[in-house]
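User: I would like to go through this model with you, a few questions at a time. Shall we begin with one part of it and widen out from there?

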Amino acid sequence: MTWQASVVTLFPEMFPGPLGQSLAGKGLRKGRWAIDAFDIRGFATDRHRTVDDTPFGGGAGMVMRPDVVDAALAAAIAAGPERPALYLTPRGRVLDQAMVRDFVAGPGLILLCGRYEGVDQRVVEARGLLEVSIGDYVLSGGEPAALVLLDACVRLLPGVMGAAESGVEESHADGLLEYPHYTRPADWQGRAVPPVLLSGHHAEVAKWRRAEAERITRERRPDLWARHAGRDRAPSAPCVTENQCAGRDRAPSAPCVTANPQDAAAAPAMDGRPAAA
Ligand code: ADE
């Protein structure tokens with residue numbers, strides 16, 4: 001089945017953008033995934049095609065109108081199977097590889113991209129959008145964030161990456177950063193490759209790579225290391241969709257926001273329930 005991304009945006013021409021190139025582009029042409037973009041401005045109802053207005057309560061900037069955004073979302077929802085609907089915002093839950101894996105296990109995504117000061121919060125609540133951030137920095141809009149999120153998803157779809165890039169041994173696959181890589185020449189500018197990699201001893205190579213992955217994770221990302229070390233005891237992040245709840249190999253310390261309606265009520269903007277037409 002084709003994994004389907006529908007992007008709701010003021011800049012539809014930004015898609016597929018870089019995702020039309022390389023392996024993602026090949027996958028797109030082979031039908032492994034599909035993308036359609038819905039131009040929010042096309043759903044404005046006045047003759048100036050207004051999509052935003054000044055914020056209630058005053059302050060700088062403009063806010064995207066809930067009625068116009070909702071109409072665009074409705075069109076995206078109607079264009080495919082029932083899928084989780086996300087709103088890209090720096091206020092969202094920070095994307096990680098577990099969330100990506102969960103999104104890929106489903107039929108696709110609907111991605112709402114904000115501009116200006118963002119979208120009227122009522123449409124986020126009314127549509128049960130899962131608010132997602134790609135990191136603790138502010139972009140000019142949700143579009144580059146949507147491209148990043150889609151890239152992370154699409155490369156995991158069956159038939160998109162070659163066998164050489166199977167994704168099994170890569171950073172974050174096992175909660176660890178990946179070990180370093182080397183190729184020819186074995187000696188470059190007086191720098192030698194770690195001898196074990198030239199030994200032909202597969203078990204020793206595997207042991208060295210594992211030790212390096214652990215060392216690098218410990219040194220660079222104490223947060224990931226702590227989570228990895230305590231994996232079987234107290235993981236930190238709640239599930240975001242039912243796929244993740246069903247598939248998770250560890251007991252959540254934070255509530256699952258889809259399986260339990262009470263938890264969902266406690267986190268209304270994070271429920272990530274699939275959007276129904
Ligand atoms: N829009 C602006 N900044 C963003 C971020 N960091 N993540 C997701 N969407 C955004």
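User: Is E204 buried, partly exposed or exposed?

Analyst: This is a predicted model. In it, E204 has a relative accessibility of 33%, so it counts as partly exposed.

User: Which residue does E204 form a salt bridge with?

Analyst: Its partner is K207, and the closest N and O atoms of the pair are 3.9 Å apart. A salt bridge here requires the nitrogen and the carboxyl oxygen to be within 4 Å, so this pair qualifies.

User: Where do E204 and K207 lie?

Analyst: Both are in helix α6, three residues apart, which is about one turn of the helix. K207 has a relative accessible area of 56% and therefore counts as exposed.

User: What does R210 pair with?

Analyst: One of its salt bridges is with E214, at 3.1 Å from N to O. R210 and E214 are four residues apart in helix α6, again about one turn of the helix. Salt bridges with shared partners join these two residues with D174 and R231 in one network.

User: What is the N to O distance between R210 and D174?

Analyst: Their side chains meet in a salt bridge at 2.7 Å. This pair links distant parts of the chain, 36 residues apart: R210 is in helix α6 (residues 202–220), while D174 is in the loop between α5 (142–154) and β8 (187–188).

User: How accessible are the residues of that network, R210 for a start?

Analyst: R210 has a relative accessible area of 36% and so is partly exposed. D174 is also partly exposed, because its relative accessibility is 29%. For E214 the value is 23%, which means that E214 is partly exposed as well.

User: Why can such side chains pair at all?

Analyst: Side chains of opposite charge can pair when their charged atoms come close.

User: How many salt bridges does the count come to?

Analyst: The count comes to 13 salt bridges.

User: Changing topic: which residues form the positive surface patch?

Analyst: The patch is formed by K26, R29, K30 and R32. Of these, K30 is found in the loop between α1 (22–29) and β2 (33–39).

User: Is K30 buried, partly exposed or exposed?

Analyst: K30 is partly exposed, because its relative accessibility is 48%. Patch residues must have over 30% relative accessible area, so K30 meets that requirement.

User: And T89, is that buried or exposed?

Analyst: T89 counts as buried because its relative accessibility is 8%, and the cut-off for buried is under 20%. T89 is found in strand β5 (residues 83–94).

User: What does T89 touch?

Analyst: Leaving aside residues up to four places away in sequence, T89 touches E131, V132 and S133.

User: Now the whole chain. How many helices and strands are there?

Analyst: The protein chain has nine helices and ten strands. It comprises 277 residues, of which 43% count as buried.

User: What share of the contacts joins residues at least 24 apart?

Analyst: Taking contacts between residues at least 6 apart in sequence, 73% join residues at least 24 apart.

User: Last one: what area does the chain expose?

Analyst: The protein chain exposes about 14800 Å², and carbon and sulfur atoms supply 54% of that area.

Notes: Residues are numbered from 1 along each chain as its sequence is written. This is a predicted model: local features need pLDDT of at least 70, side-chain atom pairs count only at pLDDT 80 or more; totals for chains, interfaces and linings use all residues. Side-chain values use heavy atoms; hydrogens and water are left out. Patches are made of residues with over 30% relative accessible area and no salt bridge: like charges are joined within 9 Å, nonpolar side chains (Val, Leu, Ile, Met, Phe, Trp, Tyr) within 5 Å. Accessible areas come from the Shrake-Rupley method with a 1.4 Å probe; for residues, only the protein chains shown count as cover. Lys and Arg count as positive and Asp and Glu as negative; His and the chain ends are not counted. The place of a charge is taken as NZ of Lys, CZ of Arg, CG of Asp or CD of Glu. Helices (H or I, at least four residues) and strands (E, at least two) are DSSP runs, numbered from the N terminus. Buried means under 20% relative accessible area, exposed over 50%, partly exposed in between (1.4 Å probe, protein chains only). Contact means heavy atoms within 4.5 Å.
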